[in-house]
Amino acid sequence: MKSLGYAVLGCTDTGEWRSFAEDLLGLQVVGTGPGSLRLRMDEYLYRLQIEESDTRGVTTLGWETAGPAELDELARRVEEAGYTVERPGVEAARARNVTDLVRFKDPDGLTLELFYGLTNALTNFVSPTGNSFVASRLGLGHAFQLVSDPGAYWTLYRDVLGFRLSDHIEVGPGTDATFLHCNPRHHSFAFVPAVADDRHRAQGVGHLMLESVDVDGVGRALDALYASGGKETATLGKHTNDKMISFYLESPSGTGIEYGSGGIEIDDASWTPTRYQSAHYWGHKR
Ligand SMILES: [Fe+2]
């Protein structure tokens, strides 16, 4: 597995997403169609696809594989693990602008797509706010999911899809959040039981993290949020495990966006999974 390649989010109004993406996140709007919007943050054609839909929030995560051999191998393993894997064919791949993909539902019914060959854009990424993102080979960022059965996600992501453990954070008495990596980004996927504490209830992807190349990009996004009359859902703070300085805001899909900078990169040869008693050194007040 290479990276978190793309995410699809449902919303009631793509117009809201357009200004949210352009004015606050600094993402480039590309490829708009009827009731849909694509957002770009690096050399790839898009990283987020926004669709007008009755379902708000993240509906699909697209995981990038190393190519046809790994796609076949992972599809076989997912099937052996008891999931129904769909091979929707050329049309579906074209619709996502990838070479090939397979599709299945995770234990809570979120659609996961495994793919290779996300199309490169012909022009440079131009951020409307002048920001740049840590993406490319590290993927679009990370997804943090609230799940009904952590054991099922541990098995799927670690044993079947081949992610490696980064660390655990105690988020409540006897309750851990689990952080996994598939490339040098500290984590591309994390999950926590949906009932871990008062803040963690709704099942599904709670937030997507986007990483600015510097903390000034984070500060300017915060300024833009305040100037628009908006408010962060968690204040600026620093995470213990990936050392990221970030704040959180709510997207028009209802899904949180963690907007941060300074996340560490790790390598498997020297990395040792550890534990933390809190997710924050400071800040991230709700
Ligand atoms: Fe996060």
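**View 1. Ala234 and Tyr248 face each other across two paired strands.** Ala234 stands opposite Tyr248 in β14. What you see is a predicted model, in which local features need pLDDT of at least 70, side-chain atom pairs count only at pLDDT 80 or more, and totals for chains, interfaces and linings use all residues. Residues are numbered from 1 along each chain as its sequence is written. Strand β13 (residues 234–239) and β14 pair in the antiparallel sense over three bridges; two strands count as paired if DSSP finds at least two bridges between them. The names come from DSSP runs numbered from the N terminus: helices are H or I with at least four residues, and strands are E with at least two. β13 and β14 make a hairpin with five residues between them, and Lys243 in that turn has a positive phi of about 65°.

**View 2. On to the pairing of β14 with β15.** Strand β14 (residues 245–250) pairs with strand β15 (residues 256–261) in the antiparallel sense, over six bridges. Tyr248 turns up again here, standing opposite Glu258 in β15. Look too for Ile245, whose bridge partner in β15 is Ser261. β14 and β15 form a hairpin with five residues between them, and the turn holds Gly254, with a positive phi of about 90°. Is β14 enclosed or open? Five of its six residues are buried, so β14 is largely enclosed by the rest of the structure. (Buried means that 20 or more other C-beta atoms lie within 10 Å of a residue's own; exposed means 12 or fewer, and partly exposed is in between, with C-beta atoms placed from the backbone.) As a general point, side chains in a regular strand alternate between the two faces of the sheet.

**View 3. Zoom out to the sheet of 10 strands.** This open sheet has mixed pairing, and its strands run in the order β16-β9-β10-β11-β8-β12-β15-β14-β13-β17. At the edges you'll find β16 (274–276) and β17 (280–283), each of which pairs on one side only. Neighbouring strands of this sheet are turned by 25° against each other on average, direction ignored. For such angles, axes are lines fitted to C-alpha atoms (for helices, over the stretch in contact), and values run from 0 to 180 degrees between N-to-C directions. Just after β17 comes a segment that holds His284. Phi of His284 is near 55°, a positive value in a residue other than glycine. Is His284 buried or exposed? His284 counts as buried, with 21 C-beta neighbours inside 10 Å.

**View 4. Here is another hairpin, made by β6 and β7.** β6 (100–105) pairs with strand β7 (residues 111–116) in the antiparallel sense over six bridges. One pair to pick out is Lys105 and its bridge partner in β7, Thr111. The hairpin has five residues between its strands, and Gly109 in the turn has a positive phi of about 95°. In the loop between α3 (89–96) and β6, you can spot Asn97. Asn97 has a positive phi of about 60° although it is not a glycine. With 19 other C-beta atoms within 10 Å, Asn97 is partly exposed.

**View 5. Two domains meet.** The chain is divided into domain 1 (3–116) and domain 2 (136–283), with bounds that come from an automatic or database domain assignment. Their C-alpha centres lie 19 Å apart. Across the boundary, 33 residues of domain 1 are in contact with 35 residues of domain 2; contact means C-beta atoms, placed from the backbone, within 7 Å. On the domain 1 side, the elements giving two or more residues are β1 (3–11), α1 (14–25), β5 (57–64) and α2 (68–80). The largest share of that side, eight residues, comes from β1.

**View 6. Into the largest nonpolar core.** This core has 69 residues, and Ala7 and Leu25 have the most contacts inside it. (A nonpolar core is a set of buried Ala, Val, Leu, Ile, Met, Phe, Trp, Tyr and Cys residues joined through C-beta atoms within 7 Å.) Domain 1 and domain 2 each supply at least three of the core's residues. Which residues does Leu25 touch, not counting those up to four places away in sequence? They are Phe20, Leu210, Ala221, Ile257 and Tyr259.

Definitions and conventions. Contact = placed C-beta atoms within 7 Å.
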